[in-house]
Each structure stands twice: as C-alpha cells, then as structure tokens.
Amino acid sequence: MRASFLSILLLSVGVSASAEPMQCDVGPVARNVGGAEWNVLSCSDGRSLVFVTANGNPAMPFYFMVQRGEESPKIVGEGSGSKEYSAAAYEEIKKMTAVEFDDLVKATKEVSEQE
C-alpha cells in the first residue's frame, strides 16, 4: 500500500531542490484529521509530512504534502474524493503548531523503528 502512493509523491511533488530525491516513507501513523482517518508519513528532509487518505476516508483518493516553514507551512494537495473532508483536513493541517508537527514526525519514526 505504502509503495503505491509513495512513488506518485516522489515523482509529482518537488518541495526539495536537492540533487537527491526526497523520500517520504517513514511511518505511517494513523491520525484523525478533519473528521476522517489519514495515514501520516514523514520525509527524509525532516521538515515534511505526507497525509494520505486511509481506507474508508470519504476524501479518498487524496494526499497532502506539508513542508514546515518559518512562518507557515507550505501545503500542496491533490485528489478526487470528497471536497468537504479534504477541505476540513486542510484547515486542520494549516493550523498545526511547530510542536504538533514535530510530534507527528517523532511518531512516524517510532513506528518505523518498530517494524
């Protein structure tokens, strides 16, 4: 499951200008965001998260790529599921604090270490 959406993300979202492609394969952790379940993964840059609709999420298929910024996060998303649920998730994601963001990155790393 993870490999199918990760390959799309690696090809379609360029938030890093480095020569090495960014990998977003740490995790996932399940979180309720905007009233629905999402799988959250962190990326190799340590500053980015990917939110992918979990099974049963009305926004499916949809993903958000979020890169933490100094002032506000850079958020891109794409999908064709319920706009109501993807919009609710977007509103919640854009309000994440730096501490909440860091806690999610930490949670994804803990899950990956257990595998």
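## Exercises on a predicted five-stranded sheet and its helices

β2 and β3 pair in the antiparallel sense over five bridges; strands (E, at least two residues) and helices (H or I, at least four) are DSSP runs numbered from the N terminus, and two strands pair if DSSP finds at least two bridges between them. The model is predicted, so local features need pLDDT of at least 70 and side-chain atom pairs count only at pLDDT 80 or more, while totals for chains, interfaces and linings use all residues. Residues are numbered from 1 along each chain as its sequence is written, and side-chain values use heavy atoms, with hydrogens and water left out.

**Exercise 1. Describe the connection between β2 and β3, and state which residue stands opposite L49.**

Step 1. The two strands form a hairpin, with five residues between them.
Step 2. In the turn, G46 has a positive phi of about 75°.
Step 3. The residue opposite L49 of β3 is S42.

**Exercise 2. Give the strand order of the sheet and find its edges.**

Step 1. Strands of a sheet pair through backbone hydrogen bonds, either parallel or antiparallel.
Step 2. Here five strands make an open sheet, ordered β1-β2-β3-β4-β5, with antiparallel pairing.
Step 3. β1 (26–33) and β5 (74–79) each have a single partner strand, so they stand at the edges and one side of each is left without a neighbour in the sheet.
Step 4. On average, neighbouring strands of this sheet are turned by 20° against each other, direction ignored; axes are lines fitted to C-alpha atoms, for helices over the stretch in contact, and angles run from 0 to 180 degrees between N-to-C directions.

**Exercise 3. Determine how β3 is covered and how β3 is joined to β4.**

Step 1. Six of the six residues of β3 are buried, where buried means under 20% relative accessible area, exposed over 50%, and partly exposed in between (1.4 Å probe, protein chains only).
Step 2. S48, V50 and V52 point one way from β3, and L49, F51 and T53 point the other way.
Step 3. Strand β3 (residues 48–53) pairs with β4 in the antiparallel sense over five bridges.
Step 4. The bridge partner of F51 in β4 is F64, and V52 stands opposite Y63 in β4.

**Exercise 4. Trace the aromatic contacts of F64.**

Step 1. A pair of aromatic rings is described by the distance of the centres and the angle of the planes.
Step 2. Rings of Phe, Tyr and Trp (its six-membered ring) pair if their centres lie within 6.5 Å; planes under 30 degrees apart count as stacked, over 60 as edge-to-face and the rest as tilted.
Step 3. The whole structure holds four aromatic pairs.
Step 4. One of them is the tilted pair of W38 and F64, at 5.5 Å centre to centre with 40° between the planes.
Step 5. This pair links distant parts of the chain: W38 lies in strand β2 (residues 36–42) and F64 in strand β4 (residues 62–67), 26 residues apart.
Step 6. The ring centres of F64 and Y90 are 6.3 Å apart and the planes meet at 35°, so this pair is tilted.
Step 7. Y90 belongs to helix α2 (residues 83–94), 26 residues from F64.
Step 8. F64 has 4% relative accessibility and therefore counts as buried; Y90, at 32%, counts as partly exposed.
Step 9. Ring pairs link W38, F62, F64 and Y90 into a cluster.

**Exercise 5. Place α2 and α3 against the sheet, and sort the residues of α3 by burial.**

Step 1. α2 lies across β1, β2, β3, β4 and β5, at about 15° to β4.
Step 2. Helix α3 (residues 98–114) lies across β1, β2, β3 and β4, at about 130° to β1.
Step 3. In α3, the residues F101, L104, V105, A107 and T108 are buried.
Step 4. They cover an arc of only 160° around the axis, which puts them on the same side of α3; the arc is that of the directions from the helix axis to the C-beta atoms.
Step 5. The buried residues of α3 pack against β1, β2, β3 and β4.
Step 6. The face turned away from this buried side carries the exposed residues V99, K106, E113 and Q114.

**Exercise 6. Find the surroundings of A107.**

Step 1. A107 is in helix α3 and, at 12% relative accessibility, counts as buried.
Step 2. Leaving aside neighbours within four places in sequence, A107 is in contact with V29 and R31; contact means heavy atoms within 4.5 Å.
Step 3. A107 and S42 are 65 residues apart in sequence and 9.1 Å apart in space, C-alpha to C-alpha.
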